[in-house]
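Hi everyone, thanks for making time for this. I'd like to walk you through one model today, so let's put it up on the screen.

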Amino acid sequence: MNLHYKLQGEGQPIIFLHGVFGSLDNSNMLAKHFVSDYQTIQVDLRNHGQSPWSNEMNLNVMAEDIAELCHHLQLDQIILIGHSMGGKVALRLTQIISEKIKKIVALDIAPVKYPTTDNAQVLESLSTCLAENLTDKKQIIDLMQSQGLSEGTIQFLLKSFKNGHWLFNANVIVSQYSHLRDWQPISPWTKPTLFIRGSNSNYVMQQYYEAILRQFPNAVIETIEGAGHNVHAEKTQQVLQLLKQWL
């Protein structure tokens, strides 16, 4: 699959992978600080942004998409920085192009299967929008508010709503979401891996540390106080400081 991406700068490549319902623009606040010293590649994962749509959507095929892009761009000594779903894709890539990856940063995600309650409200709201064929932004906002979505979540989703259409493939994401929250344990990957978690998020809880260290024995786990799941957007400077020190 020919993914849409934005490439800037020169040097060692850093690939930025966004979370579900997002796009490559979600990593702008990080990528712009590395352009002067690295080659940055921000990617729209399949069924998101300007990348192609497909009825097949799971972590394996998305990792294969990124591996194909790395081959196309002839990348080596790659640094992967992925948030949420994008973090899982980055971690899964260790089973495909291990020799080409130098380091991985997983932003508020762990290599585990998450419960069905994860993103349940968002999925329900999107399902209703699709069922009612809503194309008016005001109607969508009213619906999402009535179903209890936070203003921050609504505004994040609406970043991918343009001219009466969702930029992400809402039908497929809703129907295939069980594959995105899933995880099959992988063989240990011993290269440097940094997990950055938000203290107010439940995505990287202490009960997941054993699974992290079993699959990524040289992992470092850092906590950003006062941050939720979108840790890089909520506490950008703290995340940047960690990244620059670690890289």
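Before I name any loop, a word on labels: helices and strands here are DSSP runs, numbered from the N terminus, with at least four residues of H or I for a helix and at least two of E for a strand. And please keep in mind that this is a predicted model.

With those labels in hand, let's begin with F21, which is found in the loop between β2 (13-17) and α1. What is the phi of F21? It is near 70 degrees, a positive value in a residue other than glycine. For context, most residues other than glycine have a negative phi. Is F21 buried or exposed? The cut-off for buried is under 20% relative accessible area, and F21, at 3% relative accessibility, therefore counts as buried.

There is another residue to put beside F21, and that is S84. Its phi is near 55 degrees, again a positive value in a residue other than glycine. S84 lies in the loop between β4 and α3 (85-92), and with a relative accessible area of 8% S84 is buried.

Now, how do these two loops relate? Look at G19, which is found in the loop between β2 and α1. G19 is buried, with a relative accessible area of 7%. G19 and S84 are 65 residues apart along the chain, and their C-alpha atoms are separated by 4.9 Å. Which residues does G19 contact, leaving aside its neighbours within four places in sequence? The list is H48, H83, S84, M85 and G86. So if you select G19 on your screen, you will find S84 among its contacts.

Let's move to the helices, beginning with α4 and its partners. Helix α4 covers residues 120-131 and helix α5 covers residues 137-146; they pack at an angle of about 140 degrees, with axes 10 Å apart. That angle makes α4 oblique to α5. The crossing of α4 past α5 is right-handed. On the α4 side, the contact is made by S125, L126, T128 and C129, and on the α5 side by I140, L143 and M144. Sorted by class, this contact of α4 with α5 has five nonpolar residues, two polar ones and no charged ones.

α4 has a contact with helix α7 as well, residues 170-181. Here the axes come within 10 Å and cross at roughly 135 degrees, which makes α4 oblique to α7. What is the hand of the crossing as α4 passes α7? This one is left-handed. From α4 the contact uses L123, L126, S127 and L130, and from α7 it uses A170, N171, V174 and Y177. The contact of α4 with α7 divides into six nonpolar, two polar and no charged residues. For anyone who likes to follow a single side chain, L126 is named in the contact with α5 and also in the contact with α7.

Next is α5 with helix α6, residues 151-158. These two pack at an angle of about 145 degrees, with their axes 10 Å apart, and their crossing is right-handed. K137, I140, I141, M144 and Q145 of α5 meet E151, I154, L157 and L158 of α6. How many charged residues does the contact of α5 with α6 have? There are two, alongside six nonpolar and one polar.

My last helix is α10, residues 236-246. Its buried residues are T236, V239, L240, L242, L243 and W246. Seen down the axis of α10, those residues fall within an arc of 165 degrees, so they line one face of the helix. The general reason is handy to recall: an α-helix has 3.6 residues a turn, so residues three or four places apart point the same way. And what sits on the face of α10 turned away from its buried side? That face carries the exposed residues Q237 and Q245. The buried residues of α10 pack against several elements, including α1 (28-31), β4 (78-83), β5 (101-107) and β8 (193-198).

One more loop before I stop. I96 lies in the loop between α3 and β5, and at 30% relative accessibility I96 counts as partly exposed. I96 touches A63, E64 and A67, not counting residues up to four places away in sequence. Thanks for listening, and I'm happy to rotate the view for anyone.

Notes. Residues are numbered from 1 along each chain as its sequence is written. This is a predicted model: local features need pLDDT of at least 70, side-chain atom pairs count only at pLDDT 80 or more; totals for chains, interfaces and linings use all residues. Side-chain values use heavy atoms; hydrogens and water are left out. Axes are lines fitted to C-alpha atoms, for helices over the stretch in contact, and angles run from 0 to 180 degrees between N-to-C directions. Angles under 35 degrees count as roughly parallel, over 145 as roughly antiparallel, 65 to 115 as roughly perpendicular and the rest as oblique. A crossing is left-handed if the near helix is turned anticlockwise from the far one by less than a right angle, and right-handed if clockwise. Contact means heavy atoms within 4.5 Å. Ala, Val, Leu, Ile, Met, Phe, Trp, Tyr, Cys and Pro count as nonpolar, Asp, Glu, Lys and Arg as charged, and the others, Gly among them, as polar. Buried means under 20% relative accessible area, exposed over 50%, partly exposed in between (1.4 Å probe, protein chains only). The arc is that of the directions from the helix axis to the C-beta atoms.
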